[in-house]
Amino acid sequence: MRTLPRILTRHGSLGTELSMFEQKIKDKSALVAIVGLGYVGLPLAVAFAEAGIRVLGFDVQQKRADLVNRGESYIGDVDSERLLALRSKGLVEATTDQNRLREADAICICVPTPLTKTKDPDLSYVTHEAEEILPRLKPGQVIILESTTYPGTTRQVVQPILERSGLKGGTDFYLAFSPERVDPGSKKHSVKNTPKLVGGIDAQSTRLAVLLYQQVADKVVPVSSPEVAEMTKVFENVFRSVNIALVNELAQLCQNMGVSVWEVIDAAATKPFGYMPFYPGPGVGGHCIPLDPYYLANKAREFDFHTRFIELAAEINERMPYYVVSRIMEALNANGKSLKGASVLVLGVAYKRNVADARESPSMKLVELLLEKGADLKYNDPRIPVIRVGGHQLHSADITEKLLSEVECCVIAADHSSYDYERIAARSRLVFDTRGATKEMKRRNIVRLGE
Ligand SMILES: NC(=O)c1ccc[n+]([C@@H]2O[C@H](COP(=O)([O-])OP(=O)(O)OC[C@H]3O[C@@H](n4cnc5c(N)ncnc54)[C@H](O)[C@@H]3O)[C@@H](O)[C@H]2O)c1
């Protein structure tokens with residue numbers, strides 16, 4: 001066991017410790033390390049810096065650290081001007097040198113939590129980072145895991161690694177889970193106005209983590225444990241996955257019954273209580289909804305429990321690209337065309353509107369399936385210039401009058417607000433709309449999912 005400075009010994013240290021951290025936060029002399037400068041980490045780093053707190057960002061990618069240091073943002077939700085302003089004030093610095101973690105008063109871990117090929121949780125980024133912090137852990141540091149994961153990770157996976165230092169969680173260092181709830185691409189919701197959940201391994205850890213996040217979020221909600229915070233985050237994503245699956249199923253039924261699912265959703269949304277609209281589409285994508293439910297489903301098995309809603313929702317959502325392709329084939333057939341050899345333009349390969357993120361995107365699956373069926377495929381996405389699918393490399397095509405008039409079918413896969421849907425519908429022979437972007441239009445050349 002390491003010898004601790006006198007003020008941090010287990011007896012009588014807490015008051016001093018709390019006031020030290022509080023003082024540093026208050027006089028803005030605290031240094032916050034953000035580990036993993038991606039979709040979650042970079043906006044968080046900017047939020048702390050804009051609150052006047054110095055930030056040291058870490059990434060394993062040298063390129064990302066260099067870009068941050070040049071004030072150049074690579075994440076849609078962060079403008080380069082904002083980053084540049086913070087760089088010039090000396091409030092943000094990025095590095096790949098994990099040794100500098102020693103300088104930090106608080107460390108927020110925002111590394112990926114993907115799935116393995118067999119859809120099991122892959123916690124290797126989290127454990128790797130905990131191992132990196134281990135030799136650099138400093139008495140009094142506040143460590144917060146932000147990466148989405150199954151209940152138990154903070155206490156059962158991260159804490160034991162850190163405690164190999166000889167320092168004890170809740171006494172010598174503080175540990176909490178605080179899930180990121182960022183909504184990429186949203187102008188309405190930000191780190192500031194999205195309530196932040198915090199669950200520490202003990203009351204002091206919670207208190208310090210709450211104090212930290214109060215600097216960047218208008219509302220911080222303490223919960224009784226990291227397990228509650230971890231479960232809440234996964235539950236939020238399961239909730240979305242299940243409701244999207246429900247409306248995707250309804251869309252298929254509506255088509256069979258000749259009722260417009262879009263009109264039904266809008267009508268249901270007039271009810272002022274007990275209903276919240278979810279929308280059908282070609283499937284689910286991004287780093288959260290297709291992955292996080294599996295973290296819980298997998299963990300549940302340890303308790304002889306089968307999360308049937310999660311499995312069913314995943315099954316329905318994962319079938320959607322196949323369903324959309326079958327509907328496109330029908331629509332082409334009705335025009336006397338077969339999909340094989342037909343020229344098809346896919347609009348939007350991002351996983352949802354107005355983002356530049358194609359991770360797990362259902363549009364990419366659509367592209368893959370359309371190519372497999374022999375379509376002559378082109379795509380456009382204003383923010384994703386190149387894609388690689390099944391050995392093919394494709395470049396985003398400009399939506400020219402010529403292109404629109406030449407293609408047999410134009411598929412709206414992500415409904416970016418920059419698209420001129422009136423023009424697209426007016427110039428195309430056939431539009432297949434998976435997002436309801438054209439729901440107000442009455443044109444014979446438009447076929448919509450769920451109608
Ligand atoms: N993207 C979202 O919308 C979103 C929303 C809420 C929660 N989350 C969760 O937040 C976590 C991060 O997601 P993201 O979308 O920001 O991922 P990301 O891939 O955009 O960013 C992760 C970053 O971490 C870096 N990294 C990996 N290992 C590292 C290490 N050991 N040290 C330093 N840097 C390292 C990567 O190079 C990358 O830049 C995940 O658990 C995710 O589920 C994501």
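**Figure 1. Strand 1 is mostly covered in this predicted model.** Strand 1 spans residues 31–35, and five of its five residues are buried. L31, A33 and V35 point one way from the strand, whereas V32 and I34 point the other way. Residues of both sets are buried. In a regular strand, side chains alternate between the two faces of the sheet.

**Figure 2. Strand 1 pairs with strand 2.** Strand 2 covers residues 54–58 and runs parallel to strand 1, to which five bridges join it. V32 of strand 1 has V55 as its bridge partner in strand 2. Helix 2, made of residues 41–50, belongs with these two strands to a β-α-β unit. The unit formed by strand 1, helix 2 and strand 2 is right-handed.

**Figure 3. Strand 1 also pairs with strand 4.** Four bridges link strand 1 to strand 4, residues 106–109, and the pairing is parallel. Opposite V32 stands A106 of strand 4. V32 thus appears in both pairings, with V55 as its partner in strand 2 and A106 opposite in strand 4.

**Figure 4. Polar side chains contact the ligand.** An N or O atom in the side chain of D59 lies 2.5 Å from an oxygen atom of the ligand. R64 places a polar side-chain atom 2.8 Å from a ligand oxygen atom. For E129, a polar side-chain atom is 2.9 Å from a nitrogen atom of the ligand. On its own the ligand has 830 Å² of accessible area, and the protein covers 94% of this.

**Figure 5. The shell around the ligand contains 28 residues.** Those that come nearest are V40, D59, Q61, R64 and T113. By residue class, the shell holds 13 nonpolar, nine polar and six charged residues. Helix 5, residues 124–133, supplies three residues, the largest share of the shell.

**Figure 6. R164 lies in a loop between helix 6 and strand 6.** Helix 6 comprises residues 153–163 and strand 6 comprises residues 174–177. Is R164 buried or exposed? R164 has a relative accessible area of 54%, and because exposed means over 50%, R164 counts as exposed. The C-alpha atom of R164 is 7.3 Å from that of L134, and the two residues are 30 apart along the chain.

Note on methods. Residues numbered from 1 in each chain as written. Predicted model: local features only at pLDDT ≥ 70, side-chain atom pairs only at ≥ 80, totals over all residues. Heavy atoms only, no water. Buried < 20%, exposed > 50% of the residue type's maximum accessible area, 1.4 Å probe, protein only. Pairing = 2+ DSSP bridges. Right-handed = clockwise from strand over helix to strand, strands pointing away. Near = heavy atom within 4 Å. Polar contact = N/O pair within 3.5 Å; in protein donor to acceptor, adjacent residues only side chain to side chain. Areas by Shrake-Rupley, 256 points an atom, 1.4 Å probe, with all protein chains shown as cover. Nonpolar A, V, L, I, M, F, W, Y, C, P; charged D, E, K, R; others polar.
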